[in-house]
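Hi,

Here is the structure I promised to send over. Have a look at it first, and then read my notes underneath.

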Amino acid sequence: MKRLAILSLILISSAICAQPKTVCSPDGRLKVTVTEDAMYSVLLDGKTILNPSRLGLNTNRGDFSDARMTEAVNGRTAYDYNMNSIKKSSVRKEANTLICTFSDSFKVEFRVSDTDVAFRYIIDNPSWAGITILEEKTTFNFPAQTTTFLTSQCDAMSGWRRTKPSYEEHYALDRPLTEKSEYGNGFTFPCLFKIGEDGWALVCESGTCSQYCGCRLLDWKEGGFQIGFPMPGENDGLGSAEPAFSLPGSTPWRTIAVGSTLEPVAESTVTWDVAEQLYEPGADYKYGRSTWSWLLWQDGSINWDDQVAYIDLAHELGYQYVLIDNYWDKNIGHDKMEELIRYANSRNVDVFLWYSSSGYWNDIYQSPVNLMENPIVRKKEMKWLKENNVKGIKVDFFAGDKQETIRLYEAILSDANDYGLMCIFHGATIPRGWERMYPNYVSSEAVRSSENLVFGQEECDIEAQNATILPFVRNATGSMDFGGTILHRHLSRDNEHGTLRRTTDDFELATAVLFQSPVQNFALAPDDIVADSLAYAVDFMREVPVTWDDIRFIDGYPGKYAVIAREKDGVWYVAAVNAEQTPYQLDLNAIASMFNSPASVSVLHGGRKSEKVINYKAKARSKAYKSGVISLTEGDGAVIVIN
Ligand code: CA
């Protein structure tokens, strides 16, 4: 009976809808075409970004990838929202929409703004309560000249105490389209593509909540990169790799930020445009800067005396937070922690505390363990946190991307919100619109972060290269807790042993602006603030904002160099870093002229801050700062503050 009904619909549909349907961006430059047989393609200024690529889902209710389009409706939507936890504080933009109906139960919704394409599958059938998605057929079929900037998905249950995958692999840059992933498991989002000279595209997903799993891109095959579900081996093989949700319902959004340069990629807000807030904030969450002993002083520093030193450091710097990492339960204990938190509060410092997420899903012994998995235990712990005025938690070592783990993230966030707690995740997946969906969500690691600089010299050797990649990929689609800005020369407590930093201090200051997270756990140490040579750097770190009003891409190429400007209350901070042997020439006049009549321009470079090197109030633009160009050698950086 059902098959007959679908057949008759197909007959009607072909009569209605033989022509491909199109939807263009409001400025007309970006164009999506959808054909009757569920293929879509993307053009920018008439140039191909995506060749015909597949749409469709195979489900326990039938295979929707063979359905024919019966109806297509064009429309328009607008995004209008304010947030202070992402790269822009105010977003106002429009998108044209196209909703394609492929059967009674199955629709695809497209939204096309001037800088991005987003689409999702909508499923509704009055006689079905739910649906299991067996396979997502969606592909991204890039033209042959495309090169890729991708990070591979590692094997399930690999790495430290069987904690992977956790989005901490290296990037492979500018590789051929057809090159296989490092472990044969495809690639983790976000995925960046350079379509020869025709443009750039950043593919990701957004809106992922407890109703779905986290997805990835499978290795290239003829016809494109296909969306893949989690690997069956994640979560120690337990839990389904196939997502299921109640109806009516929809999949997460598939998002593609598109531009002729990297500007729309770096500045894209599509991740948050399409996401919706899922609950009201349970407290007036305040973002800010934090000290964090673990990076340089490591596990041994999680004791009363050392944490007092880091609370005092936060106080001295005017920082709002201290993050107390693993083993506080054993080395200090819950009872003494109450006293330590009171001490922090007496110094105007609030506290974030570390927890393990586990759980059966790995062999982590760093404690506290077993307090975040079970809702009864979790809420009891969160009640204690609230009673003791703790403001946030950092939960580490999650199981992977299966729906049951996404459910755990959402459960922790939702419970934490009830107790007025913010959440940072480590050993974790990327956020997928979570800043907007969950108002107490702060940031995730999900990157090869600063801890690796401690673990191996080879990571220090590529620190600069890593920093030039992240603004265009990982950090372009979500807040990133990198835990950086290291002023110690060696990554150790005594600053004499351990791995050796290859970057300049100015480079490290630049990353405080380059990397975005509304709570930044900076890796400063108590001895930094008494070192004369670092006085200019510490002064900058007392002032640098962590929430931003706007972003501007100035220059960059992943793996080579990056110049990104961020605005806070009318002041622009331009961060520049170079990873190439060839010095990067930073033209102060060219950059200053990009901003409207700045009153002053000051430069942090060469181990000092130059005040008002350009003063447009006093001088004509042509008489500006004489040399005007800063040469950034490999591993060097600079910050230009434009007021
Ligand atoms: Ca980690």
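Below is what I found, starting with the metal site and moving on to a run of strands.

Keep in mind that this is a predicted model.

The calcium ion is held by Glu168, Glu445 and Glu451 through their OE atoms, with Glu445 and Glu451 each listed twice, at 2.3 to 3.1 Å. Along the sequence, the donor residues follow the spacing E-x276-E-x5-E. Distant parts of the chain are linked here: Glu168 lies in the loop between β13 (146-152) and β14 (171-176), while Glu451 belongs to helix α11 (residues 451-455), 283 residues away. Are these two glutamates buried or exposed? Glu168 has 12% relative accessibility, so it counts as buried, the cut-off being under 20%. Glu451 counts as buried too because its value is 18%.

Now for the strands. β30 (residues 561-568) is mostly covered, with seven of its eight residues buried. It has an antiparallel partner in β29 (residues 550-557), joined to β30 by seven bridges. In that pairing, Asp550 sits opposite Glu567 of β30. Three residues separate the two strands in their hairpin, and Gly559 has a positive phi near 95° there.

β30 also pairs with β31 (residues 571-578), again antiparallel, over eight bridges. Lys568 stands across from Val571 in β31. This hairpin has two residues between its strands, and Asp569 takes a positive phi near 50°.

Cheers

Methods. Residues numbered from 1 in each chain as written. Predicted model: local features only at pLDDT ≥ 70, side-chain atom pairs only at ≥ 80, totals over all residues. Heavy atoms only, no water. Buried < 20%, exposed > 50% of the residue type's maximum accessible area, 1.4 Å probe, protein only. Helix = DSSP H or I, 4+ residues; strand = E, 2+ residues; numbered from the N terminus. Pairing = 2+ DSSP bridges. Donors = N, O, S within 2.8 Å, 3.2 Å for Na, K, Ca; no water.
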